[in-house]
Each structure stands twice: as structure tokens, then as C-alpha cells.
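Student: I've got a chain loaded up and I'd like to talk it through with you. Can we go from the whole thing down to single residues?

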Amino acid sequence: MAIAKAERLMNLALCLLGTRRPLTKRELRESIEAYIEAAATGSGGGDEAFNRMFERDKDDLRELGLIIETVESVDGEIGYLARRDSNRLPPITLDAEEAAALGLAAKVWQQARLAGAASGALQKLRAAGMPLAEDPYDTQPAGALEPRIPVHEAAFEPLMLACRDRRPVMFDYRKSNAAQPEQRHVEPWTLECWRGHWYLAGWDRERAAERVFRLSRITGRVRLRAGAYTAEVPDHVTVRETVERWSGETATSTARIRLRSGHGYPLRARALHARPLGDGWDELEIPYGHGLDAWLVEFGPDVVVLAPDELRADVVDRLRAVAKG
């Protein structure tokens, strides 16, 4: 269905861009195959089905940036066209460093599903005149480390499309302290990669609040849902800050933990203070914020929470949930 709609929108855009005079609804209806089919299968001669489809398509094209003019003839008949000069993009004026930054961005996606789209976009920009200057960021020899964004979760692509199209979604989500997943209804805003993991930020309808979901904890298939968003999408979603807050990066206090010697280097890197306890253990004071309990659980038996009591209780609850399976 998504492919059929995209093809229909493309055909309508080509008709409106290719005409020298305004085209009426009747002419467009007779020129586009999808409209002919809608008219043939709809009731009442298909007028109502065609009108609804045409109005939606016209609004979608305008939302995508196509300037469509509505012109009334001397006979009072309404016609539509999209003038090429009104819809022509300005010349591409990228300098060498900007071009190199785009090349670096394309490299980042080489192992993701967006690799083909990123490579194709770069080729089109180069064909349109983007400079091919030496990449100032490409200072590593062949075979050295290069930036990558790993995308292994099956939920990534449907969620990316849902964010783009502003489509509500439904999926089963297993929290780190839960034995079984639960169904969530979400209005997705955007995706963010943080510390090697992908997160979705959006509006949770049941909880009527902003929430962040780690894609690796989504089980089963992401189902798209029809209908408009019920909550306003922020003009600028600071997802990275939101993810940092939910993953414990924004600390409000400190916690004391015992850490097995030679283990937990990410925790040691964040420690405010550390001292050896002997018997193969060290004591660390680390920043404490929302989500720290979920992070500490990942270190298993190598970490013991000393304080505060609520953090210790949260970690114990999560470990018990894991043990229950």
C-alpha cells in the first residue's frame, strides 16, 4: 500500500509539473491509473472515492513542499498546476569541507539499511555539482577504524518510517525489570543512537507522557496504526538529552558501589572517587540518575550496590525479574 501511494503521488506530481495549463479534476482523474481504478470500484460512479483520494494526495504533495496553484477559468472551472519555476531548487553551493562532511555521513551508514539511499544521494549531489575535493576527515590509512552506526534491530526500519510519516505504532516491549513484554501504543518522534544502542523517543498514549524505548527490547513486529497524533510534537526534540536522562547520564546525586577488581571499566571511567577494599573488590562513588539501576544490572555479579537503599532495591528487583526469565 505504501508503494502504491508513493507511485500515485509521483504520477500526480509529474502531471502537475508537466502541464502548461491548469488541469481539472476530471482530466487528472482520466490521466492517472490509480484514480481510474478508484472511480471504477467506488460507489456512485466513484466520485466520492476519487475526491477523497485526490484531496489527500494534493495535501500530501503540498506538505512535501510542492507548490500547487489553484486556478479558476473564465467558465468557473477549477484547475491545478505546479509551475516548474516555482518548484525549482536553488543551486547547490557546498564548499569542500561541507562536501567532505556529507561524505563522512554517508560512510557512517554503510552497514545499515540506509546504505543504498545514502550512496545514491551522494552521487546525485556530485552529479549536480558538489565538489569532489579531498576529504579532510579521511586521515586514516586503509583498513583503519571508520565511523559506523550499527543497526541490527528489526524494529529500526518500521519505526524510522513511522517517525517520518507521523504514524502511531504499537509494539510489545520488555522492560529490563520485567519478565514478560507488555503492549505499548506510541506516537513516535525520532530515533537516536546512544552508546551503541538505538532508542525511540515519543509519546506513550497509555501513560500520557514522553517515553524512551530501547529498540533491542522491542519484541515481535512493529504495527503501524492509522489516525492523527493526540499529543503535540515538540518543535525541536532534544532526544539525546532525553536519552541521557533516561539512561542515567544526567545525575542528580551519587551512589556507592562495590566493584570486582579488573571489571567494570565503564563504571571506573565515571567514578568520582575509588578506593581498594581488598579481597578483589573496590569501592566507587559514581553519579546517580534515572536508569542507573538498569545499567548496573548489566555487570551482573561484579557489582554490589551499597547506597542509596532505593537504588539497591531497584537493582535487586531487576535481577529477580531476570532470574524468573
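Student: What share of the area the chain exposes do carbon and sulfur atoms supply?

Tutor: Keep in mind that this is a predicted model. The chain exposes about 19,700 Å². Of that area, carbon and sulfur atoms supply 52%.

Student: And how many helices and strands does the secondary structure come to?

Tutor: We're looking at a chain of 325 residues, 35% of which count as buried. Among its contacts with a separation of 6 or more, 56% are between residues 24 or more positions apart. As for the secondary structure, the count is 11 helices and 12 strands.

Student: Which residues touch the most other members of the largest nonpolar core?

Tutor: That core has 17 residues. Helices α1 (2-18), α3 (33-41) and α4 (47-63) each supply at least two of them. The ones touching the most other members are L12, L16, L28, Y35, F54 and L61.

Student: Take L61, then. Which residues does it touch, leaving out those up to four places away in sequence?

Tutor: L61 is one of the core residues that touch the most other members. With residues up to four places away set aside, its partners are L9, L12, A13, L66 and I68.

Student: Now T24: is it buried or exposed?

Tutor: T24 sits in strand β1, residues 23-24. Beyond four places in sequence, it touches E77, I78 and G79. Its relative accessible area is 9%, and the cut-off for buried is under 20%, so T24 is buried.

Note on methods
Residues are numbered from 1 along each chain as its sequence is written. This is a predicted model: local features need pLDDT of at least 70, side-chain atom pairs count only at pLDDT 80 or more; totals for chains, interfaces and linings use all residues. Side-chain values use heavy atoms; hydrogens and water are left out. Helices (H or I, at least four residues) and strands (E, at least two) are DSSP runs, numbered from the N terminus. Buried means under 20% relative accessible area, exposed over 50%, partly exposed in between (1.4 Å probe, protein chains only). Contact means heavy atoms within 4.5 Å. A nonpolar core is a set of buried Ala, Val, Leu, Ile, Met, Phe, Trp, Tyr and Cys residues joined through side-chain atoms within 4.5 Å. Accessible areas come from the Shrake-Rupley method with a 1.4 Å probe; for residues, only the protein chains shown count as cover.
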